[in-house]
Amino acid sequence: MTVFLHSLSGVIVILAMIVLAWSLTRKGWFNDDYAKVTARLVTQVALPAYMIVTISGQFHKQELLNLLPDLRFPLISMFILFGLSFPLAHVFRVQPQHHGLWRSMFFNSNTVFIGLPINMALFGSRSVPEVLVYYMANTFLFWTLGVYLIKRDGLGGDAHFSLWGALKKLFSPPLLGFIIGVILVLLEWHLPQWLMSDLNYVGGLTIPLSMFFIGMALGHFHLSQFRFTWDMVGILAGRFIFAPALMFALLWPVNAPLLLKQVFVLQSAMPVMTNAPVVAKLYGADSDYAALIVTMSTLLSMIVIPVLMVIVQLMH
């Protein structure tokens, strides 16, 4: 029962912030312009700072070098899920204007905002390195492939490839923050304490502002617009069935530490990444659709994650 309650705590905190922002939006506090500013503030300011602080603060050089080969497991898993998303988008009747967004949400998971507190509740601080290894792979693919797919939706599928455009997508502010954090660890450099404190404060805005953005998007969404469609079922199946089953199949025959297997299975089964609606808003895709699915998957995770936590504890 204690494990079950701990697993719910991270999800409840997230949902409480979403509900608060939703209620304030319904009262007229936040309009669409505020939502756009919030999206830019998260992706271009808060999240890069969060990544620098998290990576450089949680890893030592040798620990990072020892864990880097384990990146292959989440990368392989997410690339397979990405491949599966093409036929499954037709099976689950995804509308053409949502193809990129749907595929991005299908293979990316909420590895830090919910994944980190869930793993901390179950395994304690010893799980943080494995959590962040999965987070690296998830972050890299979201801010490259995932953002490209979402941007295609915003441009009506007319996102032509160019070298400069590819470099801009690759070196987005969040990914630059990630790269800077890795470089600092590998070179064993330490930023001045005052700068780390500033980055820590700014990075601390990431989670609440992301949750507030989702609440704002849902505040402009009327219940009369809601339809429980096949494409939503597909996303939920991808997050909570396909992803953990695939990760389990990849790791089970491998001679890897049990903790790594347990953490990676849990991380793969997290709800949809909360940055998806923020990026969708930034690039003109359907952010309301993304916010609705993020909230639905987060709600459903309150049932799925405790069950998975019990299952991974039985792994040997």
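Visitor: Which residues does Leu-64 touch, not counting residues up to four places away in sequence?

Guide: In this model, which is predicted, Leu-64 has its place in helix α3 (residues 61-67). Leaving aside residues up to four places away in sequence, the contacts of Leu-64 are Phe-59, Met-136, Val-182, Val-185 and Leu-186.

Visitor: How many residues along the chain separate Leu-64 from Val-185, and how far apart are their C-alpha atoms?

Guide: Val-185 is one of the residues that Leu-64 touches, and Val-185 is also among the buried residues of α9. Along the chain the two residues are 121 residues apart, while their C-alpha atoms are separated by 7.8 Å.

Visitor: Is Leu-64 buried or exposed?

Guide: A residue counts as buried when its relative accessible area is under 20%. The relative accessibility of Leu-64 is 0%, so Leu-64 is buried.

Visitor: What span should helix α9 have, and what is the distance between its end C-alpha atoms?

Guide: Helix α9 covers residues 173-186, which is 14 residues. The expected span takes 1.5 Å times one less than the number of residues, so α9 should span 20 Å, and the distance between its end C-alpha atoms agrees, at 20 Å.

Visitor: Which residue with a positive phi follows α9?

Guide: The loop between α9 and α10 (193-203) holds a residue whose phi is positive, about 55°, although it is not a glycine. With a relative accessibility of 55%, this residue counts as exposed, because the cut-off for exposed is over 50%. The residue that follows α9 is Glu-188.

Visitor: Where is Arg-93, another residue with a positive phi?

Guide: Phi of Arg-93 is near 55°, which is positive in a residue other than glycine. Arg-93 is exposed, with a relative accessible area of 60%. Its place is in the loop between α4 and α5.

Visitor: How is the pair of Phe-106 and Phe-242 classed, stacked, edge-to-face or tilted?

Guide: The structure holds ten aromatic pairs, and in this one the ring centres are 6.1 Å apart with the planes at 45°. The pair links distant parts of the chain, since Phe-106 is in helix α5 (residues 99-107) and Phe-242 in helix α12 (residues 230-251), 136 residues apart. Planes under 30 degrees apart would count as stacked and over 60 as edge-to-face, so the pair is tilted.

Visitor: What is the relative accessible area of Phe-106, and what is that of Phe-242?

Guide: Both residues belong to one aromatic cluster, together with Phe-92 and Trp-102. Phe-106 is buried, whereas Phe-242 is partly exposed. The relative accessible area is 0% for Phe-106 and, for Phe-242, 30%.

Visitor: Which helix gives the most to the largest nonpolar core?

Guide: The largest nonpolar core has 88 residues, and those with the most contacts inside it are Phe-59, Trp-102, Met-105, Trp-143 and Phe-264. With 15 residues, the helix that gives the most to this core is α7 (residues 128-154).

Visitor: Which helix has the lowest confidence?

Guide: The mean pLDDT of the protein is 83, and 87% of its residues reach 70 or more. Among the 15 helices of the protein, confidence is highest in helix α4 (residues 72-91), at a mean of 95, and lowest, at a mean of 56, in helix α8 (residues 163-170).

Technical notes. Residues are numbered from 1 along each chain as its sequence is written. This is a predicted model: local features need pLDDT of at least 70, side-chain atom pairs count only at pLDDT 80 or more; totals for chains, interfaces and linings use all residues. Side-chain values use heavy atoms; hydrogens and water are left out. A nonpolar core is a set of buried Ala, Val, Leu, Ile, Met, Phe, Trp, Tyr and Cys residues joined through side-chain atoms within 4.5 Å. Buried means under 20% relative accessible area, exposed over 50%, partly exposed in between (1.4 Å probe, protein chains only). Helices (H or I, at least four residues) and strands (E, at least two) are DSSP runs, numbered from the N terminus. pLDDT is the predictor's confidence in each residue, from 0 to 100. Contact means heavy atoms within 4.5 Å. Rings of Phe, Tyr and Trp (its six-membered ring) pair if their centres lie within 6.5 Å; planes under 30 degrees apart count as stacked, over 60 as edge-to-face and the rest as tilted.
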